[in-house]
Amino acid sequence: MTILEQTVAAIRPADPAALAAARAHQDSLTKPRGALGVLEEVAVRLAGAAAVSPPPLPAPAALAIFAADHGVHAQGVTPWPQEVTVQMVGNFLAGGAVANAFAAQVGASVTVVDVGVAADLPPAPGLTVSKVAYGTADLSIGPAMTAEQVVAALEAGIAVARELVDQGARCLVTGDMGIANTTASAALICAFTGKDAAAVTGRGTGVDDETLARKVEVVRQALRVNGLPGGREGASAAGPAGGREGADGLPEGVEGGRAVPALEVLAAVGGLEHAAIAGFILGGAALRVPVILDGVIAGSAALAAAALAPAVVDHCVAGHRSAEPGHAAALDHLGLRPLVELELRLGEGTGGLLAHPLVCAAVRVMHEVATFDSAGVTDKEA
């Protein structure tokens, strides 16, 4: 078996006994039942993922920022020059980005992973070089990646997850950097959810109306030329990719009568960082370590991960809902409820980092709050 196949095979759904025990424990704590709202479900979710109640405290956290470039940048989908990707990698490594500030606030480590930057990066502390290619091909002309590149990027993400957990991380946070990567994200979300491009393509780094219209058409063209759902204006897909097993044992969907394996979707319109983040999510889930998802890039990558291993969703927490419209569509498709909504659209892992203290607080309640019996507090009458 390949590393990818081994990882997918190791992922288990939420443990029913742990879920039941966690819910019962929540109901026995000295507070009105349900008084902590969504935080109670977060704690229960992590118990099911870890197969034990109370679940382990999800700390320390480790942020992995996967960086790559995109051939579709040539289509004018963003006013930012492509060299900003490598420049921002340098900024992360120097500790000068918003992600660094938020990571310091929550005590998370920061690892930057070059999985497809269109330049050679000098060695630096905190940098992992797992370069699969110098950026992707233009997804609006044909497949962004080869099948071999997709698997290599997925396995690079798995390797980072394993390494960080081996180093002591007990929670993983997804991060990304790649100029034009919201275009690839929108295409992935269309392909996996069946949504129209206009409904899920956002302004990314803040494009004007003319550029947004061009970006929507580029997404539609990418879907058309690659034979994926959502390529026609206003059209709904015959069926989103993911969910049915193909001849290779990996889930697939059906579009226009043709089987569309999840790996093919990712290769057609994904980015190298999307594939690596999907692998990172799969790697964390296989180790039963919770993964806090960041924004639209992570959401689209999580769709790919879930198409490969549906149970992976049980190991994910949606850190926030970004201002990008495609993110809401991705979270709805995954069945995940975001913890924070602050109109963020930065990426880098910033929203996931902001959510980490909430996830820790939810679990700490399970460990430290007294029960009615242990505290000698009278419970309400049934």
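The following exchange examines how several descriptions of this predicted model are justified.

Colleague: Why is helix H7 (181-193) described as largely enclosed by the rest of the structure?

Modeller: Buried means under 20% relative accessible area. By that criterion 13 of the 13 residues of H7 are buried, so the helix is largely enclosed by the rest of the structure. One of the residues with a value to quote is Cys-190, at 0% relative accessibility, which therefore counts as buried.

Colleague: What makes the span of H7 close to the expected one?

Modeller: H7 has 13 residues, and the distance from its first C-alpha to its last is 18 Å. The expected span is 1.5 Å times one less than the number of residues, which for H7 comes to 18 Å. The helix is followed by Gly-194, whose phi is positive, near 85°.

Colleague: What makes helix H10 (residues 262-269) largely enclosed as well?

Modeller: In H10, 7 of the 8 residues are buried, so this helix too is largely enclosed by the rest of the structure. The buried residues are Ala-262, Leu-263, Val-265, Leu-266, Ala-267, Ala-268 and Val-269.

Colleague: Why are H7 and H10 called roughly antiparallel?

Modeller: Their packing angle is about 150°, and their axes are 9 Å apart. Angles over 145 degrees count as roughly antiparallel, and H7 and H10 are therefore placed in that class. The crossing of H7 past H10 is right-handed. On the H7 side, Ala-184, Ala-187, Leu-188, Ala-191 and Phe-192 take part; they meet Ala-262, Val-265, Leu-266 and Val-269 of H10.

Colleague: Why, then, are helix H12 and helix H13 called roughly parallel?

Modeller: Helix H12 (residues 296-308) and helix H13 (residues 325-334) pack at an angle of about 30°, with 8 Å between their axes. Angles under 35 degrees count as roughly parallel, and the two helices are therefore described in that way. H12 passes H13 in a left-handed crossing. The contact involves Val-296, Gly-299, Ala-302, Leu-303 and Ala-306 from H12, together with Gly-326, His-327, Ala-330, His-333 and Leu-334 from H13.

Colleague: How do you know that Cys-360 is too far from the closest cysteine sulfur for a bond?

Modeller: A disulfide requires a pair of cysteine sulfur atoms within 2.5 Å. The closest cysteine sulfur to that of Cys-360 belongs to Cys-171 and is 6.6 Å away, so it is too far for a bond. The count by this rule comes to 0 disulfides. Cys-360 has 12% relative accessibility and therefore counts as buried.

Colleague: What makes Ala-180 buried and Arg-288 partly exposed?

Modeller: The limit for buried is under 20% and that for exposed is over 50%, with partly exposed in between. Ala-180 has 8% relative accessibility, so it counts as buried. Arg-288 has a relative accessible area of 28%, so it is partly exposed.

Colleague: What is notable about the backbone of Ala-180 and of Arg-288?

Modeller: Ala-180 has a positive phi of about 85° although it is not a glycine, and it lies in the loop between strand S4 (171-177) and H7. Arg-288 likewise is not a glycine, yet its phi is positive, about 60°. Its location is the loop between helix H11 (272-286) and strand S8 (291-293).

Colleague: Which residues does Ala-50 touch, not counting residues up to four places away in sequence?

Modeller: Ala-50, which lies in helix H3, touches Pro-56 and Arg-288. Ala-50 and Leu-287 are 237 residues apart in sequence, while their C-alpha atoms are 8.9 Å apart in space.

Colleague: Which peptide bonds leading into Pro-54 and Pro-60 are cis?

Modeller: The bond from Ser-53 to Pro-54 is cis, with omega near -5°. The bond from Ala-59 to Pro-60 is cis, with omega near 5°. Pro-54 is in the loop between helix H3 (38-50) and strand S1 (61-68), and Pro-60 is found in the loop between H3 and S1.

Colleague: Why is Thr-111 called buried?

Modeller: Thr-111 has 13% relative accessibility, which is under the 20% limit, so it counts as buried. This residue is found in strand S2 (residues 109-116). Leaving aside neighbours within four places in sequence, Thr-111 is in contact with Leu-63, Ala-64, Ile-65, Gly-126, Thr-128 and Leu-164.

Note on methods
Residues are numbered from 1 along each chain as its sequence is written. This is a predicted model: local features need pLDDT of at least 70, side-chain atom pairs count only at pLDDT 80 or more; totals for chains, interfaces and linings use all residues. Side-chain values use heavy atoms; hydrogens and water are left out. Helices (H or I, at least four residues) and strands (E, at least two) are DSSP runs, numbered from the N terminus. Buried means under 20% relative accessible area, exposed over 50%, partly exposed in between (1.4 Å probe, protein chains only). Contact means heavy atoms within 4.5 Å. Axes are lines fitted to C-alpha atoms, for helices over the stretch in contact, and angles run from 0 to 180 degrees between N-to-C directions. Angles under 35 degrees count as roughly parallel, over 145 as roughly antiparallel, 65 to 115 as roughly perpendicular and the rest as oblique. A crossing is left-handed if the near helix is turned anticlockwise from the far one by less than a right angle, and right-handed if clockwise.
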